[in-house]
2 protein chains.
Amino acid sequence: MKQLKHVLLERLMHYYHFVVERQDAADGATVTSTQIAKLVHMDATLVRKDLAAIGVRGYPHVGFRSHEVVQAIRDALGFDEPHRAAIIGAGRLGQAIASYHGFTPYGVDIVALFDIAPQKTGLIVGRHEILPLASLARVVAEQNVSIVILTVPASAAQEVADRAVAAGVRAIWNFATTGLVVPDGVFVHHERISVGLAELSYHLKQDAS
Amino acid sequence: MKQLKHVLLERLMHYYHFVVERQDAADGATVTSTQIAKLVHMDATLVRKDLAAIGVRGYPHVGFRSHEVVQAIRDALGFDEPHRAAIIGAGRLGQAIASYHGFTPYGVDIVALFDIAPQKTGLIVGRHEILPLASLARVVAEQNVSIVILTVPASAAQEVADRAVAAGVRAIWNFATTGLVVPDGVFVHHERISVGLAELSYHLKQDAS
DNA sequence: TAGATTGTTAATCGATTAACAATC
DNA sequence: TAGATTGTTAATCGATTAACAATC
């Protein structure tokens, strides 16, 4: 399958949530492209194109089988191939994420939480004990960690990312407010929280005028 | 000015961070469209088009004055028109946001933190005391709150959003994992954290194959 | 069956890129 | 000045939408 675009991934996730939510228990439950389109405020043709792109076939006069849509999206996005993740930075955000149980349905399992501050070592957060950053390489190797969730201050982000990459991590979820430079083959998803703020600010401004 | 598109806002924020970071103290500091483009991995023409769209003029042979770029983006996005925000839901995520000081440069000031649980009332989080949800309408009115940051469980999100809208809030930053229905004129930005997860998962899958 | 819905081709639309004159 | 850079027009590219035959 050819590389899926960022915007397509975004739309697929949107469809996914909608279909999962309304999926009746019955295996035969169906959903039409029009129903999906209405919720997502798009054209039904685009929904059909997107679903065709990941190999879901619909049934004329009926629509799409909900469980087929759900499974095709899970396959396309790799949710059924489990990955282990470690959080680096046990500040409030790191702790919030460590305590959050919502990643499991997407195949991501948080197995460790690190912080550089010695006084935090050993503290328990949710199901995790805070580990010293010095043990990062060992834990990544032992537990086969492929994702690092970076919740450290911007000033430390690049250095910590370098260590994670050296340890063999292949993807970084970057919550720090700074860009990262990483070698080819390592994927970075930069969570730009300020973009959300910008949207709010902009729309309030529009309202006013 | 015509309505700016979501993707343009996103690109503008990207430029903004880059220019702010490299902005030398000198007021005369300049930056070329090529320099911005290289960082953002785009075509320089698009950068020029985007900047032209918000009214920044460059100087041939020189580039763009950094402070003009920064100010034009701030103006376009409304960062210099301050807004007051309240957080609803003093769980870990709500507390993490309440303790975060990074919103001020974008004109957003967090003035209150609410939770429905009586046993949380009165606790101090950062600079904020947790208030009972019953006082929402009063505080929104008194403090002129225009933004609500929603960090409650999905099951409570719609009901809380309704109360916020009734109280006169005009924008909602939704961190709950469920869609919201709101009247026209109220803007919702849904922070879909799982999209980030999906991207990571998808790219790890690509790597593997 | 008739009507509803898909899948696909063609048409449209908009966004990005290329080309290049204008400028300093 | 010569070379670098912008701003803008035209060309390209890709994504979305419209149209409609095929299907159940």
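Reader: Which residues are the closest to DNA strand C, and how many surround it?

Author: In this predicted model, 21 residues surround DNA strand C, and the closest are A:Ser33, A:Arg48, A:Gly58, A:His61 and B:Lys5. A residue is counted as near the strand if one of its heavy atoms lies within 4 Å of it. Of the atoms of DNA strand C that come within 4 Å of the protein, sugar and phosphate account for 59%.

Reader: What makes the approach of A:Arg48 to a base oxygen of DNA strand C a polar contact?

Author: A polar contact is a pair of N or O atoms within 3.5 Å. A polar side-chain atom of A:Arg48 lies 2.8 Å from a base oxygen of DNA strand C, so the pair meets that cut-off. For A:His61, an N or O atom of the side chain is 3.1 Å from a base nitrogen of this strand, and for B:Lys49 a polar side-chain atom lies 2.8 Å from a base oxygen of DNA strand C.

Reader: Which residues have side-chain atoms that lie 2.9 Å or 3.5 Å from a base oxygen of DNA strand D?

Author: A polar side-chain atom of A:Lys49 lies 2.9 Å from a base oxygen of DNA strand D, while for B:Lys49 the corresponding value is 3.5 Å. In addition, a base nitrogen of DNA strand D is 3.1 Å from an N or O atom in the side chain of B:His61.

Reader: How do you know which helices take part in the surface near DNA strand C?

Author: Helix H3 (44-53) of chain A and helix H3 (44-53) of chain B each supply at least two residues of that surface. By class, the surface near DNA strand C has six nonpolar, eight polar and seven charged residues.

Reader: Why are the two copies described as related by a two-fold rotation axis?

Author: Chain A is superposed on chain B by a rotation of 180 degrees with 0.0 Å of shift along its axis, and the RMSD is 0.0 Å. The two copies are thus related as by a two-fold rotation axis. Moreover, 100% of the interface residues of chain A are also interface residues in chain B, so the copies meet through the same surface.

Reader: What makes strands S4 and S6 of chain A a pair?

Author: Two strands pair if there are at least two bridges between them. Three bridges join S4 (residues 108-115) to S6 (residues 128-132) in chain A, so these parallel strands count as paired. One of the bridge partners is A:Ile130 in S6(A), matched with A:Leu113.

Definitions and conventions: Residues numbered from 1 in each chain as written. Chains lettered and ligands numbered in written order. Predicted model: local features only at pLDDT ≥ 70, side-chain atom pairs only at ≥ 80, totals over all residues. Heavy atoms only, no water. Helix = DSSP H or I, 4+ residues; strand = E, 2+ residues; numbered from the N terminus. Least-squares fit on C-alpha atoms with pLDDT ≥ 70 in both. Contact = heavy atoms within 4.5 Å. Polar contact = N/O pair within 3.5 Å; in protein donor to acceptor, adjacent residues only side chain to side chain. Nonpolar A, V, L, I, M, F, W, Y, C, P; charged D, E, K, R; others polar.
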